[in-house]
Structure formats: structure tokens, C-alpha cells
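Biologist: Before I go back to the bench, could you take me through this structure one question at a time, and explain the reasoning behind each reply?

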Amino acid sequence: MTFVVTDNCILCKYTDCVEVCPVDCFYEGPNFLVINPDECIDCALCEPECPANAIFSEDEVPAGQEAFIQINEELANEWANITEKKDALPDHEKWDGVAGKIQYLER
């Protein structure tokens, strides 16, 4: 089992989750974070740290967001590892809670 970053992270990209990850399994793109499922140890430390409530256990990914399971796996193999907290994106407050942001995902 692994944890998955979902839609609400797009255009927010809070990185509070990164700081608590004991195995450094987060990867950073231009406007989104992903979790490498091969590295995640299912410790659940990241889930409560996400201010956007965008992280879910793989078996609890909300209906309609199942595509993010594959997106996390795919992009974790393309993007650079992130191990330290950074500032959220400039307009994060405007985008936090907006549904259907997959169209804005920058690869």
C-alpha cells in the first residue's frame, strides 16, 4: 500500500508533507508533488500534514481521482526528489479547494 497525492495539490504545492517523510519519497514538479509508490513505506505521517488534504491512502483515493495513482507513479520517475519544505505557490490560497484542477497539471 502507498499514499497518493491527488488533485487539490495542483497549483497549491504545500510541502509540509515532505518534512515528515522518513524515506524521502516525494518528488516535485512545477505545480504539484507526487509520492513514489516504490519508496513509500505507508507510515501515514504525510497525510495529516497536508494543509490541502490532498494525500490519501491508495485504497481511500476519492472517487473520480483514481487516475492520480498512476500519475504519482509515472511522474515520480521523471521529477526530482524533494526533501525540504519550501514555500507554497504564490496563489495557493486561491486554488486550495478548487475541484477539477487536473487540467492545470504541468508535467
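Biologist: How many cavities of 30 Å³ or more does the structure hold?

Modeller: Please keep in mind that this is a predicted model, so that everything I report is computed from it. A cavity here is a space where a 1.4 Å probe fits but cannot get out. With the cut-off placed at 30 Å³ or more, the number of cavities in the structure is two.

Biologist: Which residue class predominates in the lining of the largest cavity, and which residue is the charged one?

Modeller: The largest cavity has a volume of about 60 Å³, and among the residues that line it are Phe3, Pro22, Val23, Cys40, Ile41, Asp42 and Leu45. By class, the lining divides into eleven nonpolar residues, no polar ones and one charged. Because Asp counts as charged, the class asked for is nonpolar, and the charged residue is Asp42.

Biologist: What is the volume of the second largest cavity, and which charged residue belongs to its lining?

Modeller: Its lining includes Val5, Cys9, Tyr14, Cys17, Leu33, Cys50 and Ile55, together with Lys13, and by class there are ten nonpolar residues, no polar ones and one charged. Since Lys counts as charged, the two values you want are a volume of about 50 Å³ and the residue Lys13.

Biologist: Is Cys17, which lines that second cavity, buried or exposed?

Modeller: Cys17 has its place in helix H1, which covers residues 16–20, and, leaving out residues up to four places away in sequence, it touches Phe26, Leu33, Cys46, Glu49 and Ile55. Its relative accessibility is 4%, and because the limit for burial is under 20%, Cys17 counts as buried.

Biologist: Glu49 is among the contacts of Cys17, so how does Glu49 count: buried, partly exposed or exposed?

Modeller: Glu49 is found in the loop between E3 and strand E4 (55–57), and beyond its neighbours within four places in sequence it is in contact with Asp16, Cys17 and Val20. The C-alpha atoms of Glu49 and Val18, although 31 residues apart along the chain, are separated by 8.9 Å. Because its relative accessibility is 36%, Glu49 counts as partly exposed.

Biologist: Which element gives the most residues to the largest nonpolar core?

Modeller: That core has 33 residues, and those with the most contacts inside it are Phe26, Phe32, Ile35 and Ile55. Strand E1 (3–5), H1, strand E2 (26–28), strand E3 (33–35) and helix H2 (67–76) each supply at least two residues. With four residues, the element that gives the most is H2.

Biologist: Asn72 lies in H2; which residue's backbone oxygen does its side chain reach?

Modeller: At 2% relative accessibility, Asn72 counts as buried. Apart from residues up to four places away in sequence, Asn72 touches Val4, Val5, Phe32, Val34, Ile35 and Pro37. At 2.8 Å, its side chain reaches the backbone oxygen of Val5.

Biologist: What is the relative accessibility of Asn36?

Modeller: Asn36 has its place in the loop between E3 and E4. Leaving out residues up to four places away in sequence, Asn36 touches Thr2, Cys25, Tyr27, Ala76 and Asn77. Asn36 counts as buried because its relative accessibility is 7%.

How values were computed
Residues are numbered from 1 along each chain as its sequence is written. This is a predicted model: local features need pLDDT of at least 70, side-chain atom pairs count only at pLDDT 80 or more; totals for chains, interfaces and linings use all residues. Side-chain values use heavy atoms; hydrogens and water are left out. Buried means under 20% relative accessible area, exposed over 50%, partly exposed in between (1.4 Å probe, protein chains only). Contact means heavy atoms within 4.5 Å. A nonpolar core is a set of buried Ala, Val, Leu, Ile, Met, Phe, Trp, Tyr and Cys residues joined through side-chain atoms within 4.5 Å. A polar contact is a pair of N or O atoms within 3.5 Å; within protein, one must be able to donate a hydrogen and the other to accept it, and residues adjacent in sequence count only if both atoms are side-chain atoms. On a 1 Å grid over the protein atoms alone, a cavity is a set of points where a 1.4 Å probe fits but cannot get out, and a pocket is an open set with protein on both sides within 12 Å along at least five of seven lines; lining residues have an atom within 4 Å of a point. Grid points are joined across faces, edges and corners, and a volume is the space filled by probe spheres set on the points.
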